[in-house]
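Visitor: I would like to learn how to read the features of a structure like this one, step by step. Could we put it in front of us and begin?

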Amino acid sequence: MAKKRRKLNKDFEKKIYSSKKNVELVLAKIYDIHDEDIQKEYISAFNGVVYSYEELKEDYEVQGFNDNSEELLTNYKNAFNLFESQFEI
């Protein structure tokens, strides 16, 4: 039986790429914090954002653009916005 091709979406791929860059930027800023306790607190708080991004990326890589894609992107954005509202970076 032939494997079903995943549906691609260039605009969505750009959003995922932008999300990746945002995650990398914030992680770099967190790793630049010299106070170890504060750094651990930020990393712990940012793990939810990283998890949301990884879930978004993994879903797209495995299934392509699907009904769940926009919801995963919204979950990532909400997690990122919540982190930004609670932590100054």
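Visitor: How many helices and how many strands are there in the protein chain?

Guide: First a word on the source: this is a predicted model, in which local features need pLDDT of at least 70 and side-chain atom pairs count only at pLDDT 80 or more, whereas totals for chains, interfaces and linings use all residues. Residues are numbered from 1 along each chain as its sequence is written, and side-chain values use heavy atoms, with hydrogens and water left out. Helices (H or I, at least four residues) and strands (E, at least two) are DSSP runs, numbered from the N terminus. Here the protein chain has three helices and zero strands, and from the N terminus on its elements run α-α-α.

Visitor: What does the radius of gyration of the protein chain come to, set against a compact globule of 89 residues?

Guide: The radius of gyration is taken over C-alpha atoms, and the globule rule is 2.2 Å times the number of residues to the power 0.38. A compact globule of 89 residues would be near 12 Å, but the protein chain has 15 Å. Along its principal axes the C-alpha trace spans about 55 × 20 × 20 Å.

Visitor: How should an aromatic pair be read, and how many does a search of the whole structure find?

Guide: A pair of aromatic rings is described by the distance of the centres and the angle of the planes. Rings of Phe, Tyr and Trp (its six-membered ring) pair if their centres lie within 6.5 Å; planes under 30 degrees apart count as stacked, over 60 as edge-to-face and the rest as tilted. The search of the whole structure finds nine such pairs. One of them joins Tyr42 and Phe83 edge-to-face, with 6.3 Å centre to centre and 85 degrees between the planes. Because Tyr42 lies in helix α2 and Phe83 in helix α3 (residues 69–86), this pair ties together parts that are 41 residues apart in sequence. Tyr42 also forms an edge-to-face pair with Phe87, at 4.9 Å centre to centre and 65 degrees between the planes; that pair links helix α2 to the segment after α3, 45 residues apart. Tyr42, Phe46, Tyr53, Tyr76, Phe80, Phe83 and Phe87 form one aromatic cluster.

Visitor: Are Tyr42 and Phe83 buried or exposed?

Guide: Buried means under 20% relative accessible area, exposed over 50%, and partly exposed in between (1.4 Å probe, protein chains only). Tyr42 is buried at 12%, and Phe83 is buried at 3%.

Visitor: Which residues touch the most other members of the largest nonpolar core?

Guide: In soluble globular proteins, nonpolar side chains tend to be buried together. A nonpolar core is a set of buried Ala, Val, Leu, Ile, Met, Phe, Trp, Tyr and Cys residues joined through side-chain atoms within 4.5 Å. Of the 18 residues in the largest one, Phe46, Val49, Leu56, Tyr76 and Phe83 touch the most other members. The elements that give two or more residues to this core are α1, α2 and α3.

Visitor: What is Tyr76 in contact with, leaving aside its neighbours within four places in sequence?

Guide: Contact means heavy atoms within 4.5 Å. With those neighbours left aside, the partners of Tyr76 include Val49, Tyr53 and Leu56, and also Ser19 and Ser52. Ser19 lies in helix α1 (residues 10–31) and is buried, with a relative accessible area of 4%. Ser52 belongs to helix α2 (residues 36–63) and counts as buried at 10% relative accessibility.
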